Amino acid sequence: MTIESFIARYGLLAIFLGAWFEGETAVVAGGLIAHAGLVTLPGAMAAASLGSCLADQLFFLIGRYFRDSRLARWARGKPVFARALGWVERYPVGFIFAFRFIYGFRTVSPFAIGTTQVPGRLFVVVNIVAAIVWACTFTAIGYLFGREFEALLGRYEPSRHTLLVAGAGVVGALVLAAVARWWWRRRGV
């Protein structure tokens with residue numbers, strides 16, 4: 001099986017899971033593979049919308065059903081959670097729509113919203129619309145910049161040395177991200 005046939009077969013599932021777990025990078029990559037013709041653009045947009053919407057719905061329900069749990073009490077002490085709650089109280093619809101576009105708020109916000117008095121039906125409706133807008137925006141970015149990305153890749157002929165340096169860079173970035181996450185959690189951010 002070639003990489004192209006593998007992506008054509010499992011690309012939409014990867015976009016769905018990427019939107020669920022990771023976010024923008026996976027969805028932009030979905031737009032890039034749609035530009036390459038390995039999946040359809042509407043399919044990539046739908047997979048990203050569904051992944052984002054279902055993940056946020058799940059975290060909302062966890063917040064709703066476990067709002068008095070130890071986890072919720074612990075989360076309320078975190079500054080990001082407190083900021084999310086403040087925005088939800090002032091701008092419930094606007095915040096439900098916008099949180100996935102705000103760096104650092106995407107994962108905690110649906111849980112925080114679930115602990116509030118925001119009606120579940122309101123969250124579902126706004127979440128669906130916001131997930132579609134978010135997914136279509138970032139998939140379109142990948143799709144529209146697909147030609148430039150292909151041109152960039154076409155300029156470079158990967159050598160063994162280049163692949164080793166790129167691999168070391170990815171590992172270094174992951175280690176740096178893990179250290180930064182540990183540091184931020186330690187500081188209570």
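This is a guided tour of one chain, with a suggestion at each stop of what to select and a description of what is there.

**The whole chain**

Begin with everything shown as a cartoon, and keep in mind that the model is predicted. The chain holds 10 helices and 0 strands, so that, reading from the N terminus on, the elements run α-α-α-α-α-α-α-α-α-α. If you colour the 189 residues by accessibility, 34% of them count as buried. Among the contacts in the chain with a separation of 6 or more, 79% are made by residues 24 or more positions apart.

**Helix α1: a first ring pair**

The structure holds 8 aromatic pairs. Select F16 and W20, which form one aromatic pair, a tilted one, with 6.0 Å from centre to centre and 50° between the planes. Why are these two residues separated by about one helical turn? They both belong to helix α1, residues 3–21, and they are 4 residues apart in that helix. As general background, an α-helix has 3.6 residues a turn, so residues three or four places apart point the same way. F16 counts as buried because its relative accessibility is 18%, under the 20% cut-off, whereas W20, at 22%, counts as partly exposed.

Next, select W87 and F95, which form another tilted aromatic pair, with 5.7 Å from centre to centre and 55° between the planes. Here W87 counts as partly exposed at 28% relative accessibility, while F95 counts as buried at 5%.

**Helix α5 and what packs against it**

Now select residues 79–90, which make up helix α5 with its 12 residues. From its first C-alpha to its last, α5 reaches 17 Å, which is close to the 16 Å expected at 1.5 Å a residue. Show the side chains of V80, F81, A84, L85, V88 and also mark G86, since these residues of α5 are buried. Which helices do the buried residues of α5 pack against? They pack against α4 (70–76), α6 (92–98) and α7.

**Helix α7 and G114**

Move on to helix α7, residues 108–114, and select G114, which lies in this helix. At 0% relative accessibility, G114 counts as buried. If you leave out residues up to four places away in sequence, G114 touches F60, G63, R64 and R67. Add I62 to the selection as well: I62 and G114 are 52 residues apart along the chain, yet their C-alpha atoms are separated by 7.1 Å.

**Helix α8**

Select residues 120–144, the 25 residues of helix α8. At 1.5 Å a residue, α8 should span 36 Å, and the distance of 35 Å between its end C-alpha atoms agrees with this. Several residues of α8 are buried, including F123, V126, N127, A130, A131, W134, A135 and F138.

Is I128, which is found in the same helix α8, buried or partly exposed? At 38% relative accessibility, I128 counts as partly exposed. To see which distant part of the sequence lies beside this position, select F97 together with I128: the two are 31 residues apart in sequence and 9.1 Å apart in space, C-alpha to C-alpha.

Keep F97 selected and add F101, W134 and F138, because this is where ring pairs link the four residues into a cluster. Of these, W134 and F138 are also among the buried residues of α8.

**Where α3 meets α8**

For the last stop, select helix α3, residues 41–65, together with α8. The axes of the two helices come within 8 Å and cross at roughly 145°, and the crossing is right-handed. The residues of this contact divide into 16 nonpolar, 6 polar and 2 charged.

Within α3, pick out S49, whose place is in this helix. At 10% relative accessibility, S49 counts as buried. Which residues is S49 in contact with, leaving aside its neighbours within four places in sequence? The contacts of S49 are with A131, I132 and A135, and of these A131 and A135 are listed among the buried residues of α8.

Technical notes
Residues are numbered from 1 along each chain as its sequence is written. This is a predicted model: local features need pLDDT of at least 70, side-chain atom pairs count only at pLDDT 80 or more; totals for chains, interfaces and linings use all residues. Side-chain values use heavy atoms; hydrogens and water are left out. The expected span of a helix is 1.5 Å times one less than its number of residues. Buried means under 20% relative accessible area, exposed over 50%, partly exposed in between (1.4 Å probe, protein chains only). Rings of Phe, Tyr and Trp (its six-membered ring) pair if their centres lie within 6.5 Å; planes under 30 degrees apart count as stacked, over 60 as edge-to-face and the rest as tilted. Axes are lines fitted to C-alpha atoms, for helices over the stretch in contact, and angles run from 0 to 180 degrees between N-to-C directions. A crossing is left-handed if the near helix is turned anticlockwise from the far one by less than a right angle, and right-handed if clockwise. Ala, Val, Leu, Ile, Met, Phe, Trp, Tyr, Cys and Pro count as nonpolar, Asp, Glu, Lys and Arg as charged, and the others, Gly among them, as polar. Contact means heavy atoms within 4.5 Å.
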